[in-house]
Structures are given as C-alpha cells and as structure tokens.
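Welcome! Here are some short exercises for getting to know a protein you have not met before. Try each task yourself, then follow the solution step by step.

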Amino acid sequence: MRIASIDVGSNSIHMVVAQVESDGRFRVLDRAKEMVRLGRRMNGGRLPSEAMKAGLRTLSAFRMLAERQGVDRFKAVATSAVREARNGGDFIQRVHDEVGLRVKVIPGREEARLVYLGVRHAVDLRGDVTLILDAGGGSVEVILTEDDKPAALHSVKIGVARLSEQFV
C-alpha cells in the first residue's frame with residue numbers, strides 16, 4: 001500500500017509518500033514541503049485569508065503529486081496554528097470541500113506523541129533517558145523518554161514563527 005502523510009503546520013506543510021510493506025516496514029518514496037505560514041499575522045486569532053488560500057493551493061498540489069505516485073491512503077493532521085485559530089474549523093472544512101482531504105486537528109499532546117514515534121523509528125532510544133525537542137512554527141514539543149518509552153509528552157506555545165513575530 002502507498003500512503004501520503006501530511007502535516008499542516010504553522011509555518012509549513014510537509015508531505016511524505018511511502019510504500020508500506022506487508023511486514024509493516026515502510027520505504028519513503030518522496031517528500032514535499034512548502035512554506036505557507038498559516039500562523040503568520042493571526043490578527044484576532046484568525047488564520048489570514050491569503051495564508052488559507054496558499055494552504056489550499058499547496059494541499060491540492062500535494063494531493064495531485066501523491067495520486068500520480070499511486071497513493072491509496074491519505075493521513076493529514078493540522079497542528080498549532082489551525083488548532084488555535086478561531087477560523088481553524090472553517091479552513092479544515094474548505095480543505096475537505098475544495099481539495100477532498102480530511103484533515104484532523106490534533107491536540108499538542110498528540111503532536112508530541114507523533115514526534116516521539118517518528119524519532120523512535122529513526123533512533124534507538126533503548127537504555128537511555130532522552131530529551132527530544134521539536135521546534136515548530138507555533139509550538140515546541142518536549143518529550144522525555146525512559147528506556148524507549150515516553151515518560152512525559154508536552155507541547156508549549158513558543159514556536160519559532162510565533163516568537164519571531166512577537167519579538168523580532
């Protein structure tokens with residue numbers, strides 16, 4: 001089976017296309033990234049219209065790219081900017097109506113858990129206490145592991161784009 005995993009972040013939208021083997025392993029076939037800056041200049045806690053349009057264009061292009069590569073399943077999540085925006089639900093509905101993708105808005109703790117799973121897939125965490133930090137545009141995920149298990153999962157609203165907009 002071929003899958004596309006899409007991360008709708010505050011700063012950028014990422015997609016990974018992978019071939020999933022019968023034993024559960026997967027092989028990455030393609031990656032795409034576009035700086036959309038959904039969370040930039042969220043006046044009144046709303047996603048800007050131009051940023052939403054850019055997000056819709058990017059998601060449409062990513063969907064076409066994935067379909068050309070024979071993707072069977074799409075899994076799309078949205079994080080900090082969409083999660084916090086007063087019009088985040090409107091954006092998710094537009095993605096469904098205009099692009100045909102179902103995007104799930106995930107809480108910060110789930111975002112941290114997914115970061116942990118990705119790191120665990122790439123790095124052997126057994127036997128050590130490990131601190132994992134994932135600095136995104138709208139939030140930073142902080143994960144503490146003990147012998148390959150997550151001991152603490154946190155999401156803190158101090159992302160790179162958020163801080164630079166506020167202080168730079």
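**Exercise 1: contacts along the chain**

Among contacts in the protein between residues at least 6 apart in sequence, what percentage join residues at least 24 apart?

*Solution.* Keep in mind that this is a predicted model. Start with the contacts between residues at least 6 apart in sequence, then pick out those whose partners are at least 24 apart: they make up 54%.

**Exercise 2: the overall build**

Find the order of the elements, and then judge how compact the protein is.

*Solution.* Step one is to count: the protein has five helices and eight strands. Step two is to read from the N terminus, which gives β-β-β-α-β-α-α-β-α-β-β-β-α. Step three is to compare sizes: the radius of gyration is 16 Å, close to the 15 Å from the globule rule for 168 residues, so the protein is as compact as a globular protein of that length. Along the principal axes, the C-alpha atoms fill a box of roughly 50 × 40 × 25 Å.

**Exercise 3: surface and charge**

Describe what the protein exposes and how its charged side chains are placed.

*Solution.* First, the surface: about 9,700 Å² is exposed, and carbon and sulfur atoms supply 50% of that. Of the 168 residues, 37% count as buried. Next, the charges: there are 27 positive and 22 negative side chains, and the centres of the two sets lie 4 Å apart.

**Exercise 4: Ser139 and Thr145**

Decide whether Ser139 is buried or exposed, then do the same for Thr145.

*Solution.* Begin with Ser139, in the loop between β6 (129–135) and β7 (140–146). Its relative accessible area is 2%, and buried means under 20%, so Ser139 is buried. The side chain of Ser139 makes a polar contact of 2.8 Å with that of Glu141. Beyond its neighbours within four places in sequence, Ser139 is in contact with residues including Ser80, Arg83, Glu111 and Lys157.

Move on to Thr145, in strand β7. With 0% relative accessibility, Thr145 is buried too. Leaving out residues up to four places away in sequence, Thr145 touches several residues, among them Tyr116, Leu125, Ile132 and Pro150.

**Exercise 5: the loop after β7**

What are the phi values of Asp147 and Asp148, and how accessible is each residue?

*Solution.* Locate Asp147 in the loop between β7 and β8 (149–156); Asp148 lies in the loop between β7 and β8 as well. Asp147 has a positive phi of about 50° although it is not a glycine. For Asp148, also not a glycine, phi is positive and near 75°. Finally, check accessibility: Asp147 is partly exposed at 48%, whereas Asp148 is buried at 16%.

How values were computed: Residues numbered from 1 in each chain as written. Predicted model: local features only at pLDDT ≥ 70, side-chain atom pairs only at ≥ 80, totals over all residues. Heavy atoms only, no water. Helix = DSSP H or I, 4+ residues; strand = E, 2+ residues; numbered from the N terminus. Rg over C-alpha atoms; globule rule 2.2 N^0.38 Å. Buried < 20%, exposed > 50% of the residue type's maximum accessible area, 1.4 Å probe, protein only. Contact = heavy atoms within 4.5 Å. Areas by Shrake-Rupley, 256 points an atom, 1.4 Å probe, with all protein chains shown as cover. Lys, Arg positive; Asp, Glu negative; His and termini not counted. Charge placed at Lys NZ, Arg CZ, Asp CG, Glu CD. Polar contact = N/O pair within 3.5 Å; in protein donor to acceptor, adjacent residues only side chain to side chain.
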